[in-house]
Amino acid sequence: MSATAAVHSLWTTAADPIAKIDAPKIEYGQLAPTLIVVGAALVGVLVEAFVPRKSRYYAQMFVSAVALVAAFAAVVALAADGYATTKAGIAAMGAIAVDGPALFLQGTILLTALVGLFTFAERRLDPEAHGNRVDSFAAQAAAVPGSDSEKRAVKAGFTTTEVFPLLLFAVAGMLVFPAANDLLTLFVALEVLSLPLYLLCALARRKRLMSQEAAVKYFLLGAFASAFTLFGIALLYGYAGSMSYATIAQVVDGTVPEITPALADTMGNDTLLLIGAALLVMGLLFKVGAVPFHMWTPDVYQGAPTPVTGFMAAATKVAAFGALLRLLYVVLPGLRWDWRPVMWGVAIVTMLAGAIVAITQTDIKRLLAYSSIAHAGFILAGAIAATPSGISSVLFYLAAYSFVTIGAFAVVTLVRDAGGEATHLSRWAGLGRRSPLVAAVFAVFLLAFAGIPLTSGFAGKFAVFKAAAEGGATPLVVIGVISSAVAAFFYIRVIVLMFFSEPRPEGPTVAVPSPLTMTAIAVGVAVTVVLGVAPQYFLDLAGDAGVFVR
């Protein structure tokens with residue numbers, strides 16, 4: 001056989017397998033909500049590159065708003081077409097689940113992001129600088145705080161309009177996170193939602209050093225959490241020989257159709273499974289802000305620009321709880337007896353720590369941060385129920401909580417003094433006499449956080465505690481009710497401070513916002529009241545959407 005013939009035989013054998021690689025089968029219609037948001041984020045990057053500086057703010061605002069509305073319409077269309085119930089299935093070659101919980105959470109994230117977008121775009125709260133309207137974000141992110149270049153940027157009227165594409169990239173990651181159906185997609189979504197948030201936290205116009213410190217803390221702790229998650233994914237892959245949720249679940253249950261000798265070796269090793277699952281859940285609990293992985297929450301909530309804090313507090317929690325629910329109910333139901341006791345402990349510590357430490361806070365943003373930690377504990381109580389009503393109660397609670405949170409942080413942006421937002425609690429004394437409407441609206445949000453009847457918070461808490469009790473977690477419900485009572489104390493304390501204290505002569509002023517922030521606050525109040533007075537339709541909606549596909 002000649003040398004040429006030998007070489008030729010090498011190409012043909014090497015070329016044969018390449019012909020057999022199948023083109024990926026992507027269901028673009030089912031992935032439309034995520035694709036619309038990603039596409040708009042990329043358009044936003046191009047706007048930054050090619051649109052003149054004066055027009056960028058309006059162009060970015062328009063692109064972002066249209067994308068979020070269109071993506072929400074796509075979610076509603078998919079749900080109406082039966083993808084939340086009868087047609088639920090797996091798309092993108094097993095990477096993404098299109099089912100009830102995914103669509104419900106995606107819809108919640110998109111609406112929350114749209115309301116958050118209005119607070120991002122607010123430009124009337126601060127006095128004009130050199131004849132230019134300013135927003136909550138640094139004039140030039142790359143300029144050193146207090147430097148000449150920063151002063152020049154402020155004088156020239158620069159604005160960081162990159163926050164809009166960053167918001168959209170974060171939303172894109174959040175849409176994929178609760179719908180991910182394999183571990184690799186989960187990790188990619190985690191990074192896509194986290195990295196823009198790290199940047200957004202560092203961009204405050206006032207108190208820039210504090211904002212940058214918050215971003216660095218969030219980034220470093222987030223990197224640790226991502227590493228834990230990745231290590232957990234590696235161990236679970238070593239255990240099951242697959243990244244797919246369904247395959248891992250079958251290996252855990254022992255119902256896998258074909259057991260190879262290699263798989264038989266690893267299946268017998270529960271250490272890989274238990275440590276891998278623990279590390280993976282740890283990464284998700286960090287995103288949720290559960291104790292003991294909550295240390296970043298108060299510092300980041302306090303340091304980040306308030307519109308970012310509101311968006312992050314609402315949307316990230318929704319996405320992270322969605323991913324956690326899918327992991328516990330789809331991948332690890334066979335490990336229920338192992339994860340439930342641990343989750344019991346985490347939920348109890350989270351509820352109590354969040355409620356008790358909040359009492360000592362003197363800054364309104366830190367108080368809301370510890371409040372969000374306590375709420376993570378309440379939501380975990382519903383997740384532990386391990387019943388269909390547990391899933392639907394968590395979905396309802398997340399929808400109710402996210403709008404209250406964004407509304408509350410939008411109100412915080414209005415109370416200002418010479419240094420920007422007046423977040424120290426002592427500055428809020430007598431606010432009810434100085435600006436009765438703003439104080440009343442904030443009181444509505446605080447009562448909803450406390451879970452007072454006729455607010456969405458009461459309906460949500462009632463749903464998760466009922467599900468937990470039916471799931472056999474009655475002691476957890478008792479501790480939850482005690483924590484709620486403790487939490488109610490500091491919410492009521494703020495209301496008393498606003499309405500029954502004398503206003504200080506040098507107290508803060510309440511800025512008159514543009515219609516954007518007014519809309520954000522009005523939507524928050526409307527959702528809080530509607531879900532509190534007539535929650536049944538939305539509870540039924542969450543109940544219908546509460547079945548995971550596998």
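The following exercises, with worked solutions, concern a predicted model.

**Exercise 1. Helix α8**

Determine whether the end-to-end distance of helix α8 agrees or disagrees with its number of residues.

Solution.
1. Helix α8 covers residues 208-240, which is 33 residues.
2. The expected span is 1.5 Å times one less than the number of residues, and for α8 this gives 48 Å.
3. The end C-alpha atoms of α8 are 47 Å apart, so the distance agrees with the expected span.
4. Beyond the helix, Gly 241 follows α8 and has a positive phi, near 70°.

**Exercise 2. The setting of His 294**

Locate His 294 among the helices, and decide whether His 294 is buried or exposed.

Solution.
1. His 294 belongs to the loop that runs between α11 (270-288) and α12 (296-303).
2. Its relative accessible area is 10%; buried means under 20%.
3. His 294 is therefore buried.
4. With neighbours within four places in sequence set aside, the contacts of His 294 are Gly 289, Tyr 370 and Ile 373.

**Exercise 3. The largest pocket**

Describe the volume of the largest pocket, and state which element gives the most to its lining.

Solution.
1. The volume of the largest pocket is about 600 Å³.
2. Its lining consists of 25 residues, and those nearest the centre are Phe 72, Phe 104, Leu 111, Phe 538 and Leu 541.
3. Two or more lining residues come from each of α3 (53-80), α4 (100-120), α16 (388-412), α21 (515-533) and α22 (536-544).
4. The element that gives the most is α4, with six residues.
5. Sorted by class, the lining holds 20 nonpolar, four polar and one charged residues.

**Exercise 4. The second largest pocket**

Find which element supplies the largest share of the lining of the second largest pocket, and give the classes of its lining residues.

Solution.
1. The second largest pocket contains about 400 Å³ of space.
2. It is lined by 17 residues; Lys 54, Tyr 57, Tyr 58, Arg 123 and Arg 133 lie nearest its centre.
3. At least two lining residues are supplied by each of α3 and α21, and the largest share, four residues, is that of α3.
4. The classes are seven nonpolar, four polar and six charged residues.

**Exercise 5. The open sheet**

Establish which strands stand at the edges of the three-stranded open sheet, and why one side of each is left without a neighbour.

Solution.
1. The strand order is β4-β3-β5, with antiparallel pairing.
2. β4 (420-421) and β5 (509-510) are the edge strands; each has a single partner strand, so one side of each lacks a neighbour in the sheet.
3. β3 (residues 415-417) pairs with β5 over two bridges in the antiparallel sense, and Val 415 stands opposite Val 510 in β5.

Methods:
Residues are numbered from 1 along each chain as its sequence is written. This is a predicted model: local features need pLDDT of at least 70, side-chain atom pairs count only at pLDDT 80 or more; totals for chains, interfaces and linings use all residues. Side-chain values use heavy atoms; hydrogens and water are left out. Buried means under 20% relative accessible area, exposed over 50%, partly exposed in between (1.4 Å probe, protein chains only). Contact means heavy atoms within 4.5 Å. On a 1 Å grid over the protein atoms alone, a cavity is a set of points where a 1.4 Å probe fits but cannot get out, and a pocket is an open set with protein on both sides within 12 Å along at least five of seven lines; lining residues have an atom within 4 Å of a point. Grid points are joined across faces, edges and corners, and a volume is the space filled by probe spheres set on the points. Ala, Val, Leu, Ile, Met, Phe, Trp, Tyr, Cys and Pro count as nonpolar, Asp, Glu, Lys and Arg as charged, and the others, Gly among them, as polar. Two strands pair if DSSP finds at least two bridges between them.
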